[in-house]
Amino acid sequence: VFVFVCVCRSVCMRVCVCVRLESKAFPSFNALLSSRYQGREAMTDVTHVVTAIDEAGLAVNRTFKFMLAVCQGKWILGPKWIDACLVAKAVVPEDEFEISGQGNFNDGPRQARLAAQREHPARLLDDHRVCLHGAFSGLSRAELETLVRAAGARLVGVDELAQRRGDTRAVLLCDPNTAPADLASLQHETGYAPLDLYWLYDSIAAYAIQPRGSYLLRDESILQTPDSVDDARPAASQTLF
């Protein structure tokens, strides 16, 4: 269940996106803050994402909205923030409710938020060029392109990538189920070793660019095709779409 709530505080519109939560508190929270529901597609004015967390304060799920919120430096909070607002009958400070991270990655959301608040903000993949090649399972191509742009990278095609051989900030991303023959052909054509799409997901979750060596798509890595993309990565890095 997705709940999208717009929160008004002072003269500033505060928008809260509640991800995969079911709570009877939402109607009261909505009424308390004179808020209104907003469509799922809108993220431009969003300032807060509220998501389910585990006992360690880590986000349970890594969704498109979660990853986009990290890229954009939004507040990402646990559901107890809503409870605290209801008790105080006002929007309370967010710091103590900010999530610790997601899966194996700690402190990514906080680092992203602080980076966005700097006088001269720098995005995670500034000056990078990313080629998304082939068909992908899970997120749509439009959603993947949105994440790449939100992280600061420029999208390029195979032809442009091939013309930039040796560019250390260029990345070729493929679905982990890509056929071995296609991977070999791509590497020969572009000069770049294809990386698992999870390089992008994990870099966003950690808000730190991950070492490419851990994400190289070699023939042996896909000899046994997993039932889903999630099965190809540890459970702690689970991404739900």
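How many helices and strands make up the secondary structure of the protein chain? The chain has eight helices and 12 strands, where helices (H or I, at least four residues) and strands (E, at least two) are DSSP runs numbered from the N terminus. This is a predicted model, in which local features need pLDDT of at least 70 and side-chain atom pairs count only at pLDDT 80 or more, while totals for chains, interfaces and linings use all residues. Residues are numbered from 1 along each chain as its sequence is written, and side-chain values use heavy atoms, with hydrogens and water left out.

**Figure 1. The protein chain as a whole.** Of the 241 residues in the chain, 49% are buried (buried is under 20% relative accessible area, exposed over 50%, partly exposed in between; 1.4 Å probe, protein chains only). The accessible surface comes to about 11700 Å², and carbon and sulfur atoms account for 49% of that surface (Shrake-Rupley method with a 1.4 Å probe; for residues, only the protein chains shown count as cover). Among contacts between residues at least 6 apart in sequence, 67% join residues at least 24 apart (a contact means heavy atoms within 4.5 Å).

**Figure 2. The salt bridge between D202 and R62.** The structure holds seven salt bridges (a side-chain nitrogen of Lys or Arg within 4 Å of a carboxyl oxygen of Asp or Glu). In the one formed by D202 and R62, the closest N and O atoms are 2.9 Å apart. D202 lies in helix 8 (residues 198-206) and R62 in the loop between strand 5 (58-59) and helix 2 (64-71), so the pair ties together parts that are 140 residues apart in sequence. Both partners are covered: D202 is buried at 1% relative accessible area, and R62 is buried at 0%.

**Figure 3. Helix 8 and the residue that follows.** Nine of the nine residues of helix 8 are buried. Among them are the aromatic residues Y198, W199 and Y201, together with D202. After the helix comes Y207, with a positive phi near 50°.

**Figure 4. Salt bridges with partly exposed partners.** R110 and D107 meet through their side chains in a salt bridge of 2.8 Å, N to O. R110 is partly exposed at 32% relative accessibility, as is D107 at 25%. A further salt bridge joins D126 and R123, with an N to O distance of 3.5 Å. Here D126 has a relative accessible area of 23% and R123 one of 44%, and each is partly exposed. Elsewhere, R129, R164 and D167 form one network through salt bridges that share partners.

**Figure 5. Strand 4 and its pairing with strand 6.** In a regular strand the side chains alternate between the two faces of the sheet. Strand 4 (residues 48-51) is covered on both faces, with H48 and V50 buried on one side and V49 and T51 buried on the other. Strand 4 pairs with strand 6 (residues 75-77) in the parallel sense over three bridges (two strands pair if DSSP finds at least two bridges between them). The bridge partner of H48 in strand 6 is W75.

**Figure 6. Cysteines without a disulfide.** The count of disulfides is zero (a disulfide is a pair of cysteine sulfur atoms within 2.5 Å). For the sulfur of C131, the closest cysteine sulfur belongs to C174 and is 7.4 Å away, too far for a bond. C131 is buried at 1% relative accessible area, and C85 is buried at 0%.
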